[in-house]
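Please open the structure in your viewer and keep the selection panel at hand. The tour below proceeds from the whole chain to individual sites.

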Amino acid sequence: MHTRTRFYARERDTLAPFASHAEASRGRRHAEAPHPLRTDFQRDRDRIIHSRAFRRLEYKTQVWVTGSDDHFRTRLTHTIEVAGIARTLARCLGLNEDLAEAIAFAHDLGHPPFGHCGERALNRLLEDHGGFDHNRQALKVVDELELKYPDFPGLNLTWEVRAGLVKHRSRDSTLDGRTLPPQPSLEAQVADLADDLTYMSHDLDDGICAGLLDATHLSGLELWRRAEQRGRRQCNRTSTSFQIRNLIDLLVDDAITTSEANIANAGVASADTPQTLDKPLVAFSPEIGRLGEQLQTFLFNQVYLHPAVDDDNQRAVRWMCELYHYLIENPGELDAAARDRVNIVGDRVAVADSIGLMTDRRAIEEYRRRILKDPESRCFGLSAGR
Ligand code: MG
């Protein structure tokens, strides 16, 4: 049987000197006895997957409002793809796979309904109350909003997973009152790059699947042409799925080769040193980074802002904003946990947190039931509103 202590020994024997070790974790906010079979990072991964917030990702928008098509990514399938790629990158770089995977599984738990459109709307609504940011919200979900254990709120994850969720660091970024170093751990850097790599590839795939992108659009994309060349070396025929697979391979190869070289050149010999540097070591090469930015701009203009995507998101977000104002006026209609939080964080933040936890379909149902006063509201489709 693999006990926790054997996993510690395996990490000592197999991980690179700059990897994070479960045995050296700074621990949890609320002390708990260690598990006999699993390390704390393995346990965190399981806690995240067993959380309600994780299950709700199934009905949260990645790009298209959920339910638009059976084949488009949801926030859950996006997250699973990110975790898979994070594990590959971590394994190839000699990093702690369990930690990278746990951070990847948790990275989008703070997304409100209706993706980035929903996030921007909640941010505007909370303009004078601290704003709303899905990265910050992910930490709030795992620290405060997920209610699972009798003795403390949240999932009580390890410091390393929680610190990995703090993105876009500035000089004053803190966690539990401690100033954070300028960069996250290499495992968190892996989860972050895997997120970019994954969404660029699959949003392109879904854009093609939705019929928004044709051969003319794609032939203008340098990364697409390179993926095509890569594919031709293996097979004379091609298909969209094969092209996307070649694109992912190309990006993963570049990320591993570049990151390995960056790590070697920096001469880092501990898990802490990479965190003190002025930029991440896990990265694409400058050239692929530039082509990735070109792809992101392309996706923004050709997919995210396309009326076939944006109109549904905007309409649903208008309903969500009406629901927000309705709940501010009628706080008695909040659930018991959110009502308790009104006294602690104020009505605006408590209502935004409550809406942020909802899935797309739950937000639409709440809008129908509370604002349209439809007592039969169990139909979750976008056509359900006005
Ligand atoms: Mg993501």
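Begin with the entire protein: among contacts between residues at least 6 apart in sequence, 69% join residues at least 24 apart. Please bear in mind that this is a predicted model.

**The overall fold**

Colour the protein by secondary structure; 17 helices and 2 strands should appear. The radius of gyration is 22 Å, close to the 21 Å that the globule rule gives for 386 residues, so the protein is as compact as a globular protein of that length. Turned onto its principal axes, the C-alpha trace spans about 60 × 55 × 45 Å. Of the 386 residues, 54% count as buried.

**The magnesium ion**

Next, select the magnesium ion and display its donors. Which residues coordinate the magnesium ion? The donors are His78 and His107, each through NE2, together with Asp108 and Asp195, each through OD, at 2.2 to 2.5 Å. Along the sequence, these donor residues follow the spacing H-x28-H-D-x86-D. Aspartate 108 belongs to the loop between α5 (97–106) and α6 (115–125), whereas aspartate 195 sits in helix α9 (residues 186–209), so the pair ties together parts that are 87 residues apart in sequence. Are these two aspartates, 108 and 195, buried or exposed? Both aspartate 108 and aspartate 195 are buried.

**The second largest pocket**

Move now to the second largest pocket, which holds about 920 Å³ of space. To find its centre, select Arg52, Arg56, Asp335, Leu357 and Arg362, the closest to that point of the 32 lining residues. Then highlight α3 (52–56), α7 (134–145), α15 (336–345), α16 (347–357) and α17 (360–370), the elements that each give two or more residues to the lining. Among these, α15 gives the most, with 5 residues. Coloured by class, the lining of this pocket shows 12 nonpolar, 4 polar and 16 charged residues.

**Two residues with positive phi**

The last stops concern the backbone. Most residues other than glycine have a negative phi. Select asparagine 156, which is not a glycine yet has a positive phi of about 50°. Asparagine 156 is placed in the loop between α7 and α8 (159–164). With a relative accessibility of 4%, under the 20% cut-off, asparagine 156 counts as buried.

Finally, select aspartate 176 in the loop between β1 (174–175) and β2 (178–179). Aspartate 176 likewise is not a glycine, and its phi is positive, at about 55°. At 43% relative accessibility, aspartate 176 counts as partly exposed.

Terms used
Residues are numbered from 1 along each chain as its sequence is written. This is a predicted model: local features need pLDDT of at least 70, side-chain atom pairs count only at pLDDT 80 or more; totals for chains, interfaces and linings use all residues. Side-chain values use heavy atoms; hydrogens and water are left out. Donors are N, O and S atoms within 2.8 Å of the metal (3.2 Å for Na, K and Ca); water is not among the atoms, so sites may look incomplete. Helices (H or I, at least four residues) and strands (E, at least two) are DSSP runs, numbered from the N terminus. Buried means under 20% relative accessible area, exposed over 50%, partly exposed in between (1.4 Å probe, protein chains only). On a 1 Å grid over the protein atoms alone, a cavity is a set of points where a 1.4 Å probe fits but cannot get out, and a pocket is an open set with protein on both sides within 12 Å along at least five of seven lines; lining residues have an atom within 4 Å of a point. Grid points are joined across faces, edges and corners, and a volume is the space filled by probe spheres set on the points. Ala, Val, Leu, Ile, Met, Phe, Trp, Tyr, Cys and Pro count as nonpolar, Asp, Glu, Lys and Arg as charged, and the others, Gly among them, as polar. The radius of gyration is taken over C-alpha atoms; the globule rule is 2.2 Å times the number of residues to the power 0.38. Contact means heavy atoms within 4.5 Å.
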